[in-house]
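Please open the model in a viewer and keep the selection panel at hand. The stops below are meant to be followed in order.

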Amino acid sequence: MKIKNIYFFGIKGVGMTALAIYCKQRGFAVWGGDSKESFHTDSLLEKEGIPIGLVSGNNFSDVDLIIYSGAYDINNNKKISAAVRKGIKVMSHG
């Protein structure tokens with residue numbers, strides 16, 4: 001499967017922001033979710049036109065790949081588990 005659409009779970013982290021921008025600049029459709037908390041990376045993501053939402057729900061219908069931050073426990077995360085059950089490729093930022 002060719003990857004076109006990437007969702008970043010925990011996109012506001014410094015490493016995740018850099019990776020999201022890198023992927024967007026290489027032609028991938030990129031968006032992500034995180035907490036309501038303000039991060040210094042918010043303006044960088046906005047400047048690149050990368051949408052940020054809250055990490056909520058588990059509707060990843062248009063997603064080919066989910067990249068998650070190490071800040072989330074993959075083994076106990078219902079949203080990521082639902083994506084895996086749907087057959088969506090999931091990998092850590094690392």
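**The start of the chain**

Begin by selecting Lys-2, which is found in the segment before β1; helices (H or I, at least four residues) and strands (E, at least two) are DSSP runs, numbered from the N terminus. The model is a predicted one, in which local features need pLDDT of at least 70 and side-chain atom pairs count only at pLDDT 80 or more, while totals for chains, interfaces and linings use all residues. Residues are numbered from 1 along each chain as its sequence is written, and side-chain values use heavy atoms, with hydrogens and water left out.

Lys-2 is exposed, with a relative accessible area of 65% (buried means under 20% relative accessible area, exposed over 50%, partly exposed in between, with a 1.4 Å probe and protein chains only). Now add Asp-64: its C-alpha atom is separated by 8.0 Å from that of Lys-2, although the two are 62 residues apart along the chain.

**The strands**

Next, display β1 and β4, which run parallel and are joined by four bridges (two strands pair if DSSP finds at least two bridges between them). Within this pairing, Ile-6 has Leu-65 of β4 as its bridge partner. Then add strand β5 (residues 89–92), which pairs with β4 in the parallel sense over four bridges. Here Leu-65 stands opposite Lys-89. To get from β4 to β5 the chain passes through helix α3 (residues 78–85), and this β-α-β crossover is right-handed; that is, with the strands pointing away from the viewer, the path from the first strand over the helix to the second runs clockwise.

Turn β4 to inspect both of its faces, each of which is covered: Leu-65 and Ile-67 are buried on one side, Ile-66 and Tyr-68 on the other.

**The nonpolar cores**

Which residues make up the largest nonpolar core? Select Ile-6, Phe-8, Ile-11, Met-16, Ala-20, Ile-21, Cys-23, Val-30, Leu-45, Ile-50, Leu-65 and Ile-67, twelve residues in total. A nonpolar core is a set of buried Ala, Val, Leu, Ile, Met, Phe, Trp, Tyr and Cys residues joined through side-chain atoms within 4.5 Å. At least two residues of this core come from each of β1 (5–9), α1 (14–25) and β4 (65–68), and α1 gives the most, with four.

Centre the view on Ile-50. Neighbours within four places in sequence aside, Ile-50 is in contact (heavy atoms within 4.5 Å) with Ile-11, Ala-20, Ile-21, Lys-24, Val-30, Trp-31 and Leu-45. A second, separate core has nine residues, among them Phe-60, Val-63, Ile-80 and Ile-88.

**The loop between β4 and α3**

Move to Ser-69, placed in the loop between β4 and α3. Ser-69 is buried, with a relative accessible area of 13%, and beyond four places in sequence it is in contact with Phe-9, Gly-10 and Met-16.

Ile-74 is found in the loop between β4 and α3 as well. At 25% relative accessibility, Ile-74 is partly exposed. Not counting residues up to four places away in sequence, Ile-74 touches Tyr-68, Ile-80, Ser-81 and Val-90.

**The salt bridge**

Finally, select Asp-42 and Lys-12, which form a salt bridge with their closest N and O atoms 3.6 Å apart (a side-chain nitrogen of Lys or Arg within 4 Å of a carboxyl oxygen of Asp or Glu). Asp-42 belongs to helix α2 (residues 42–47) and Lys-12 to the loop between β1 and α1, 30 residues apart. Asp-42 is partly exposed at 21% relative accessibility, whereas Lys-12 is buried at 6%.
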